[in-house]
Amino acid sequence: EVQSQPHVLRQARDWFSTFTRGRYDLRCTRDGSTSTFRAFDNTENRGLELDELSRGTRMQLLLAVRLAFAADTSQARPPFVLDEVLSSTDPVRFRAVAECLVAMAREGWQIFYCTCQPADAQAWRQAAWEMGFSDAKVLDLAKIRSLEQAAAMPLVDVAASQTQLPDPGSLSLVQYAEAVHTPAFDPWMGAAGLHVAYLAEDACQLHRLLAAGIDRYGQLKSLADHGRADAYLPREAQAGYQSRACVVDAVCQAWQVGRGRPVSREVLAEAGASVSFLDRVTDLARDLDWDATRLVDALRTREDERARGFRSSALESIIQNLAASGHLDHRETLTQQEALSQVLAAADEEVRADRIQPEQIPILFKRYWSICSQVQEHRI
């Protein structure tokens with residue numbers, strides 16, 4: 001039914017992206033006469049079934065669909081009733097949903113939110129007040145019926161104390177990135193899963209994104225695609241992120257040539273390591289910093305006790321599987337100049353669109369290539 005109404009699906013996608021601060025997009029697939037909703041993780045570039053989502057995210061997806069259908073109804077606009085749909089939602093997403101519902105209330109929708117959680121009620125009061133919506137009414141049934149009052153613990157206040165971000169003040173971008181414990185750069189993740197600290201222009205801009213719950217570029221890109229990023233960054237800044245992300249992707253792709261992805265116990269099991277050898281091979285791989293090339297060499301030479309008894313036929317099968325999955329790459333690594341040429345070609349469209357100046361690309365390349373090289377040094 002939803003696929004026959006593309007405008008409804010488009011609205012549901014917009015809201016789901018907004019609710020999750022760009023972390024997820026809504027997908028709808030058809031199998032015969034049945035339509036199925038799925039979520040797409042914009043930071044990991046993979047689709048997820050509903051039962052793979054957390055309870056809170058699943059409720060946000062279904063709420064986005066319900067709201068989209070409701071907004072598409074006739075002008076009669078029937079009351080909209082929500083029962084505990086945000087009880088497991090984090091404060092950042094709670095606020096995103098609240099903004100959407102308050103906007104609908106301002107357009108004349110009558111919205112009822114039922115909850116037995118005092119924290120939820122307090123969060124709604126605070127959100128409505130901060131958004132300048134004075135028509136929100138709270139009906140405390142316990143008070144009306146003279147029942148014992150539950151202790152209220154404001155969700156928003158609790159979250160604020162748990163996720164307090166340091167003020168950037170006069171800190172540089174590098175200093176502030178360290179202060180917020182920016183995770184290490186992962187060359188195999190690409191720009192989508194990259195922490196926004198690596199793409200930000202200054203500390204204040206980084207603080208603004210993190211305060212909104214946007215910590216990966218994939219989130220920002222999704223919000224921009226849905227026209228929802230303007231609340232966090234001006235258009236010119238968004239274009240800057242896009243162009244730098246393009247360079248990051250190109251640098252990572254060039255750097256990956258001749259370098260395989262790190263293996264793990266799960267990867268080795270999927271590649272064909274038998275149960276009897278899995279513990280030993282995993283232990284060996286750990287000592288070799290999860291480097292597939294070094295692991296294969298160790299298994300071939302059998303100098304390490306943990307590699308002894310490993311059959312050659314089984315090893316060749318594992319090698320083929322690791323190569324197919326990108327964990328082994330037998331190509332020659334690119335020189336820095338070869339990699340730069342590849343990056344310049346990949347960024348040509350950004351240059352033509354005037355989103356980045358040609359002279360900026362070698363500077364960005366040098367920065368991100370150096371970070372990738374540091375990652376490799378730590379693995380050896």
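Modeller: Let's start with a definition: the expected span of a helix is 1.5 Å times one less than its number of residues. Before we use it, note that this is a predicted model, where local features need pLDDT of at least 70, side-chain atom pairs count only at pLDDT 80 or more, and totals for chains, interfaces and linings use all residues. Residues are numbered from 1 along each chain as its sequence is written, and side-chain values use heavy atoms, with hydrogens and water left out.

Colleague: Okay, so what should helix 3 span, at 1.5 Å a residue?

Modeller: Helices are DSSP runs of H or I with at least four residues, strands are runs of E with at least two, and both are numbered from the N terminus. Helix 3 covers residues 91–106, so its 16 residues should span 22 Å, and the end C-alpha atoms are indeed 22 Å apart. Just after helix 3, Gly108 takes a positive phi of about 105°.

Colleague: Which residues of helix 3 are buried?

Modeller: Buried means under 20% relative accessible area, exposed means over 50%, and partly exposed is in between (1.4 Å probe, protein chains only). In helix 3 the buried ones include Arg93, Phe94, Cys100 and Met104.

Colleague: Ser222 in helix 9 caught my eye. Is Ser222 buried or exposed?

Modeller: Ser222 has a relative accessible area of 3%, so it is buried. Helix 9 runs over residues 217–225. Contact means heavy atoms within 4.5 Å. Leaving aside neighbours within four places in sequence, Ser222 touches Ser17, Gly22, Tyr24, Asp25 and Asn42.

Colleague: And strands: in which sense do strand 1 and strand 2 pair?

Modeller: Two strands pair if DSSP finds at least two bridges between them. Strand 1 (residues 24–31) and strand 2 (residues 34–41) are antiparallel, over eight bridges, and Thr29 sits opposite Thr36 of strand 2. Strand 2 also pairs with strand 3 (residues 46–48) in the antiparallel sense, over three bridges, with Phe40 opposite Gly47.

Colleague: What lies between strand 2 and strand 3?

Modeller: Four residues, making a hairpin; Asn45 in the turn has a positive phi of about 55°.

Colleague: How exposed is Val138?

Modeller: Val138 has 45% relative accessibility, so it counts as partly exposed. Val138 is in the loop between helix 4 (118–130) and helix 5. Its C-alpha atom is separated by 44 Å from that of Ala191, 53 residues apart along the chain.

Colleague: And Ile144, buried or exposed?

Modeller: Ile144, in helix 5 (residues 141–144), has a relative accessible area of 58%, so it is exposed.
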